[in-house]
Amino acid sequence: MVSFFDTLIFFATLYTKLLAEILNIDSWFFALVSALWIMLPAYVPNPAAVIFGGGPPIDGGATWRDGRRLFGEGKTVRGFLLGVLAGVAVGGVELWVQTLAGRTLSWYFLPIQTLLTVSTFAVGALLGDLAKSFIKRRIGKGQGDPWPVADQYDLVAGAFLLTALVAPGWLLQNITLPVLAWILLLTPVLHRITNIAGYHLGVKRVPW
């Protein structure tokens, strides 16, 4: 029978290990690089869709029963397709780098991307953006109107959900707590930077 003292020792040891992991600077640095590696195929599609978009909208001008557009003029077929292709292309570069590097000691901490995961992250990012646009139209927000939190994390939610449907084991194995923390910290910062850059380049109407 396990005594109270044994239980106390167990939790003290567990706490010590967790604290050591939290204070391990190397582990957090590796988690930062891993987070960027994982999310690149999801970070690229949205700005690529803005840059290369245009043409017929995805909803074809259709409206919902509330009389508002399904997605709006800003979500185009060309933007979606080229955005996905851009994300998959970046993921393809990662796959190529993995092939060159192999599993050498200097690369051991990086998650192994697959064609399936880079595709689900690229497609999921834009599906998340579409879902957010649909909800924004339903609550009366127009194209370009800010929607804090949703504007920043729609791509993360879409990428994670789609990957969870088709490759849940990969997601659980690679999205550790430190990696998730970095993704949540990096995403709004990168979102802000790319939007400001897009505004000054003239491809976005608003800098948010």
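This is a short tour of the structure above, one selection at a time.

**Start with the whole chain**

Keep in mind as you go that you are looking at a predicted model. Colour by secondary structure, and the protein chain shows eight helices and zero strands. Read from the N terminus on, the order of elements is α-α-α-α-α-α-α-α. The protein chain has 208 residues, and buried ones make up 37% of them.

**Stop 1: a salt-bridge network**

The structure holds nine salt bridges. Select Lys75 and Asp129 to begin with one of them. The closest N and O atoms of Lys75 and Asp129 are 2.6 Å apart. Lys75 sits in the loop between H3 and H4, while Asp129 belongs to helix H5 (residues 115-138), so this pair ties together parts that are 54 residues apart in sequence.

Is each partner buried, or partly exposed? Lys75 is partly exposed, at a relative accessible area of 22%. Asp129 is buried, with a value of 7%. The cut-off helps here: buried means under 20% relative accessible area, so Lys75 at 22% falls in the partly exposed class.

Now add Lys132 to the selection. Asp129 also forms a salt bridge with Lys132, and here the closest N and O atoms are 3.3 Å apart. Lys132 and Asp129 are three residues apart in helix H5, so about one helical turn separates them. Both Lys132 and Asp129 are buried.

Which residue of helix H6 pairs with Lys132? Select Asp151: its side chain meets that of Lys132 in a salt bridge of 3.1 Å, N to O. This pair links distant parts of the chain, with Asp151 in helix H6 (residues 150-166) and Lys132 in helix H5, 19 residues apart. Both Asp151 and Lys132 are buried.

To see how these pairs connect, show Lys75, Asp129, Lys132, Lys136, Asp151 and Asp154 together: salt bridges that share partners join them into one network. As background, side chains of opposite charge can pair when their charged atoms come close.

**Stop 2: around helix H6**

Step back along the chain from Asp151 to Val149, which is found in the loop between H5 and H6. Check its backbone torsions: Val149 has a positive phi of about 75 degrees, although it is not a glycine. Val149 counts as exposed because its relative accessible area is 53%, and the exposed class starts over 50%.

Then go to Ala159, which lies in helix H6. Ala159 is buried, with a relative accessible area of 0%. Draw a distance from its C-alpha atom to that of Ser119: the two residues are 40 apart along the chain, and the C-alpha atoms are separated by 9.3 Å.

**Stop 3: Thr63 and Arg137**

Next, select Thr63, in the loop between H3 and H4. Thr63 is partly exposed, at a relative accessible area of 47%. How far apart are Thr63 and Arg137 in sequence and in space? They are 74 residues apart in sequence, and 9.8 Å apart in space, C-alpha to C-alpha.

**Stop 4: a nonpolar surface patch**

Switch to a surface view and select Val50, Ile51, Phe52, Leu82 and Leu85, which make a nonpolar patch of about 440 Å². Helix H3 (45-52) and helix H4 (77-101) each supply at least two residues of this patch. H3 gives the most, with three residues. Take Val50 as an example: its place is in helix H3, and at 35% relative accessibility Val50 counts as partly exposed.

**Stop 5: the second largest pocket**

Finish at the second largest pocket, with a volume of about 210 Å³. To find it, centre the view on Ser34, Phe109, Asn174, Thr176 and Val179, which lie nearest its centre among the 13 lining residues.

Which helices each supply at least two residues of the lining? They are helix H2 (25-43), helix H7 (168-174) and helix H8 (177-201). H2 gives the most to the lining, with four residues. Colour the lining by residue type to end the tour: it divides into seven nonpolar, five polar and one charged residue.

How values were computed:
Residues are numbered from 1 along each chain as its sequence is written. This is a predicted model: local features need pLDDT of at least 70, side-chain atom pairs count only at pLDDT 80 or more; totals for chains, interfaces and linings use all residues. Side-chain values use heavy atoms; hydrogens and water are left out. On a 1 Å grid over the protein atoms alone, a cavity is a set of points where a 1.4 Å probe fits but cannot get out, and a pocket is an open set with protein on both sides within 12 Å along at least five of seven lines; lining residues have an atom within 4 Å of a point. Grid points are joined across faces, edges and corners, and a volume is the space filled by probe spheres set on the points. Ala, Val, Leu, Ile, Met, Phe, Trp, Tyr, Cys and Pro count as nonpolar, Asp, Glu, Lys and Arg as charged, and the others, Gly among them, as polar. Patches are made of residues with over 30% relative accessible area and no salt bridge: like charges are joined within 9 Å, nonpolar side chains (Val, Leu, Ile, Met, Phe, Trp, Tyr) within 5 Å. Accessible areas come from the Shrake-Rupley method with a 1.4 Å probe; for residues, only the protein chains shown count as cover. A salt bridge is a side-chain nitrogen of Lys or Arg within 4 Å of a carboxyl oxygen of Asp or Glu. Buried means under 20% relative accessible area, exposed over 50%, partly exposed in between (1.4 Å probe, protein chains only).
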